[in-house]
4 protein chains.
Amino acid sequence: MTRKTFLRRLETHEGTARLEAFSDGVFAIAATLLAMEMKTPRNAHSAQEIIEALTRQWPIYVSYAMSFVYLGIYWSHHHRLYRFFRRTDHLFIKLNILFLLLVAALPFPTALLGEYLRVHDDRLRIATLVYTGMLCVTACAFVGLWIYAVHERRLVEHDLDRDFIVRTTRRYLIGPVAYAIAFLLALVDPVVSLVVSLIAAMFYLLPWELFRFADAVERADAS
Amino acid sequence: MTRKTFLRRLETHEGTARLEAFSDGVFAIAATLLAMEMKTPRNAHSAQEIIEALTRQWPIYVSYAMSFVYLGIYWSHHHRLYRFFRRTDHLFIKLNILFLLLVAALPFPTALLGEYLRVHDDRLRIATLVYTGMLCVTACAFVGLWIYAVHERRLVEHDLDRDFIVRTTRRYLIGPVAYAIAFLLALVDPVVSLVVSLIAAMFYLLPWELFRFADAVERADAS
Amino acid sequence: MTRKTFLRRLETHEGTARLEAFSDGVFAIAATLLAMEMKTPRNAHSAQEIIEALTRQWPIYVSYAMSFVYLGIYWSHHHRLYRFFRRTDHLFIKLNILFLLLVAALPFPTALLGEYLRVHDDRLRIATLVYTGMLCVTACAFVGLWIYAVHERRLVEHDLDRDFIVRTTRRYLIGPVAYAIAFLLALVDPVVSLVVSLIAAMFYLLPWELFRFADAVERADAS
Amino acid sequence: MTRKTFLRRLETHEGTARLEAFSDGVFAIAATLLAMEMKTPRNAHSAQEIIEALTRQWPIYVSYAMSFVYLGIYWSHHHRLYRFFRRTDHLFIKLNILFLLLVAALPFPTALLGEYLRVHDDRLRIATLVYTGMLCVTACAFVGLWIYAVHERRLVEHDLDRDFIVRTTRRYLIGPVAYAIAFLLALVDPVVSLVVSLIAAMFYLLPWELFRFADAVERADAS
């Protein structure tokens with residue numbers, strides 16, 4: 001191995017296997033931990049008491065499911081994009097750690113929202129501000145990761161489709177913008193704010209590849 | 001890489017490595033977390049006190065073991081089937097996340113059942129209804145994953161044995177049906193219901209491959 | 001792929017990657033979770049109060065370190081042996097899940113022992129009985145895994161050194177026997193029992209490969 | 001496989017995949033677990049009450065972020081170095097377990113520091129002593145791992161750049177020395193001590209590869 005090859009290898013890390021393994025671990029733990037919050041009603045004296053205890057903790061079920069789905073969506077997009085990455089470098093690894101720090105903290109604002117979803121006063125407003133704020137920051141970190149990686153095709157394949165990069169970037173930018181709007185809307189009406197952030201989240205559940213495939217077929221037919 | 005190849009690659013994801021890594025993480029955490037519920041009796045003043053404290057929490061031991069075995073069975077079947085998968089697509093990843101959401105929540109109804117296993121009144125009935133209900137929903141999600149993957153051999157090898165697909169599907173359908181029956185039986189008699197769901201679970205512990213091999217040898221001998 | 005090849009493939013699973021991933025997950029979580037038991041003394045009014053609170057929970061530090069080392073030893077032997085495995089089958093996967101169930105529960109008896117290590121009466125005897133009992137059962141499960149895998153070279157390379165198998169089996173059998181003796185000794189004297197089980201555990205920390213290499217060099221020199 | 005080849009294979013383990021998987025698991029869990037300490041304020045009667053409850057637990061946010069970043073740095077350096085490892089041996093695996101034991105315990109002194117960061121008396125001194133002491137011990141274990149692996153190129157590529165080894169060793173030795181100084185400084189002034197340990201930690205966030213590349217280019221230009 002020549003000194004030049006060695007230096008190039010030091011600078012960038014071929015492959016993303018361990019980065020993905022660490023990320024998968026953080027996602028899996030963050031998604032699963034909230035299940036521990038569901039408490040078994042112990043020493044109940046009647047069936048009625050059990051039913052009441054189980055129903056009383058409904059905000060926990062809601063926040064568990066919301067967190068799991070939310071983390072699941074992030075994980076699937078992380079998974080989706082990393083297929084196109086060929087290497088990592090120092091800053092990208094640090095950005096990915098920052099992103100994971102936010103991801104692992106997501107169950108907390110979600111639980112807060114779940115707790116105050118039933119009231120319709122300033123408590124819901126606070127919960128919605130914290131929640132949409134965190135969504136916005138996390139989405140920014142994710143977009144940051146993507147833009148850093150594709151800028152001048154830094155970490156991706158050198159021939160990655162330009163059109164694909166542009167479209168994907170545009171789509172991922174919708175998230176932070178929508179969450180920022182939702183954050184501001186929370187000051188006016190928390191319910192409207194939550195509907196907007198829900199729609200934004202749902203958008204990331206859609207099978208983009210199929211849309212894109214449809215586009216391409218259309219264009220291919222047109223040409 | 002031509003545009004057409006790229007589009008095809010976008011649509012489906014070759015390999016299932018990360019999906020399996022994420023799933024393995026969720027399974028491992030869900031199975032292990034319940035061990036944290038076993039509390040060390042602190043500051044006991046006599047051996048008698050320790051023994052009593054240790055025996056008093058027997059429902060925790062039972063639910064730990066039940067959860068671990070149950071999650072272990074699901075993991076081993078997940079492992080068993082994914083060997084035949086060659087790719088994933090958008091909807092499959094989402095279905096897998098939904099399945100994991102249910103899997104990670106399984107320790108909760110199991111702990112509920114463990115707690116009220118010793119009483120024989122309506123409290124056991126409620127616990128059994130929650131437990132068999134969750135088993136049924138989880139089994140449905142698992143069957144759904146399999147059927148989605150093998151329908152027109154969507155995600156499996158294009159020449160995967162038809163007979164194997166039909167038989168496996170039939171065997172996995174037994175689970176949801178048995179748990180649905182157990183759910184209804186819980187209204188009549190919780191103990192009978194639990195025996196039925198136990199038999200259904202045991203069925204998935206069996207070495208199907210060996211049965212199947214026996215079948216095949218028989219048929220080969222016959223022809 | 002012929003039907004015969006397919007059936008053979010169904011019967012045994014090539015590779016042990018996912019089994020190892022799932023096991024690594026369980027080991028990592030079980031080893032790490034106990035760290036959560038170390039509680040930060042909150043709202044202390046003086047440095048003295050913090051020092052007292054920190055020292056008061058010394059049994060937690062002891063049991064954390066013991067559990068981590070113990071699980072680390074098991075993990076390293078799991079890792080050591082699985083290098084020689086080429087495939088898994090139905091029963092082996094189930095045995096491995098049973099072994100992991102015991103492994104993930106190890107922090108519990110360890111914490112119990114840590115708590116009563118300072119007293120020298122029947123409370124220590126109970127803790128020692130539970131601890132050595134669990135060690136013995138876990139060691140039996142581990143030996144069972146190994147014997148099942150090497151019996152008629154079921155899951156290992158077909159030409160795996162016979163002498164290596166015999167020696168390794170013998171060495172792994174020392175564990176269950178030593179822990180069983182320690183269990184019985186606990187009835188007489190818990191301290192002697194703990195020393196015996198500690199020596200047995202230390203034995204698995206040794207670099208056997210080097211011994212064996214020394215043996216082999218000796219024999220090679222002799223012949 | 002000849003007996004000699006087999007013995008050589010026993011002595012050292014080719015590849016570090018499972019060691020990395022186990023380590024990734026421990027890092028991911030240790031980093032994520034602290035997020036569970038953020039408690040949702042339940043049943044608050046006003047928005048004011050929620051804000052107060054959320055702000056009251058700011059030391060938890062600080063220690064979560066500190067732990068996550070700290071563990072992230074260790075993980076990234078673990079990742080960075082293991083790229084150069086080709087095999088493991090008995091003692092290295094044991095040293096790695098010891099290192100992980102310390103890593104998984106890091107959130108505890110971090111939470112202690114977070115709790116007493118606001119006071120400026122002996123309580124902060126104690127917290128700083130525990131914190132810098134743990135940082136020092138952990139950094140020593142990490143350097144130990146590296147030195148063990150590169151000594152006579154024991155576990156790394158046989159032609160790994162000598163200059164790179166020397167420089168990397170020197171850089172990793174800065175950590176333990178800086179933390180030891182910080183530990184002693186804590187006796188005099190905890191704030192100065194924390195600034196020193198913060199600078200040392202920041203040093204490991206830097207993109208060394210780029211520095212090194214710059215060095216090399218310079219030297220190449222000079223020659």
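**A pocket and three helix pairs**

Among the residues that line the second largest pocket, 18 are nonpolar, three are polar and nine are charged. I start there and then go through three pairs of helices. Please keep in mind that this is a predicted model.

So, the pocket. The second largest pocket holds about 680 Å³ of space. Its lining counts 30 residues, and the ones closest to the centre are Met36(B), Glu37(B), Lys39(B), Met36(C) and Glu37(C). Which elements give two or more residues to this lining? From chain B there is helix H2, residues 17-33. From chain C there are helix H2 (17-33), helix H4 (58-82), helix H5 (90-105) and helix H6 (107-116). H6(C) gives the most, with three residues.

Now the helix pairs. Two packed helices are described by the angle between their axes and the distance between the axes.

The first pair I will show is H2 of chain B with H2 of chain C. Their axes lie 9 Å apart and the helices pack at an angle of about 40°. Are they parallel or oblique to each other? An angle of about 40° is not under 35 degrees, the limit for roughly parallel, so H2(B) and H2(C) count as oblique. Their crossing is right-handed. On the H2(B) side, the residues in contact are Glu20(B), Ser23(B), Asp24(B), Phe27(B), Ala28(B), Ile29(B), Thr32(B) and Leu33(B). On the H2(C) side they are Arg18(C), Ala21(C), Phe22(C), Gly25(C), Val26(C), Ile29(C), Ala30(C) and Leu33(C). Sorted by class, this contact has ten nonpolar, three polar and three charged residues.

Next, chain D. Helix H6, residues 107-116, and helix H7, residues 122-150, have axes that come within 9 Å and cross at roughly 155°. That angle is over 145 degrees, so H6(D) and H7(D) are roughly antiparallel. The crossing is left-handed. H6(D) brings Pro109(D), Thr110(D), Leu112(D), Leu113(D) and Tyr116(D) to the contact. Facing them in H7(D) are Arg123(D), Leu124(D), Ala127(D), Thr128(D), Val130(D), Tyr131(D) and Met134(D). By class, that makes nine nonpolar, two polar and one charged.

The last pair is in chain A. Here the axes of helix H4 (residues 58-82) and helix H8 (residues 162-188) come within 13 Å, and they cross at roughly 160°. How do the two helices run relative to each other? H4(A) and H8(A) are roughly antiparallel, and their crossing is left-handed. From H4(A), the contact uses Tyr70(A), His77(A), Arg80(A) and Leu81(A). From H8(A), it uses Phe164(A), Thr168(A), Tyr172(A) and Tyr179(A). Five of these residues are nonpolar, two are polar and one is charged.

To recap the pairs: H2(B) and H2(C) are oblique, H6(D) and H7(D) are roughly antiparallel, and H4(A) and H8(A) are roughly antiparallel. That is all I have.

How values were computed
Residues are numbered from 1 along each chain as its sequence is written. Chains are lettered from A and ligands numbered from 1 in the order in which they are written. This is a predicted model: local features need pLDDT of at least 70, side-chain atom pairs count only at pLDDT 80 or more; totals for chains, interfaces and linings use all residues. Side-chain values use heavy atoms; hydrogens and water are left out. On a 1 Å grid over the protein atoms alone, a cavity is a set of points where a 1.4 Å probe fits but cannot get out, and a pocket is an open set with protein on both sides within 12 Å along at least five of seven lines; lining residues have an atom within 4 Å of a point. Grid points are joined across faces, edges and corners, and a volume is the space filled by probe spheres set on the points. Helices (H or I, at least four residues) and strands (E, at least two) are DSSP runs, numbered from the N terminus. Ala, Val, Leu, Ile, Met, Phe, Trp, Tyr, Cys and Pro count as nonpolar, Asp, Glu, Lys and Arg as charged, and the others, Gly among them, as polar. Axes are lines fitted to C-alpha atoms, for helices over the stretch in contact, and angles run from 0 to 180 degrees between N-to-C directions. Angles under 35 degrees count as roughly parallel, over 145 as roughly antiparallel, 65 to 115 as roughly perpendicular and the rest as oblique. A crossing is left-handed if the near helix is turned anticlockwise from the far one by less than a right angle, and right-handed if clockwise. Contact means heavy atoms within 4.5 Å.
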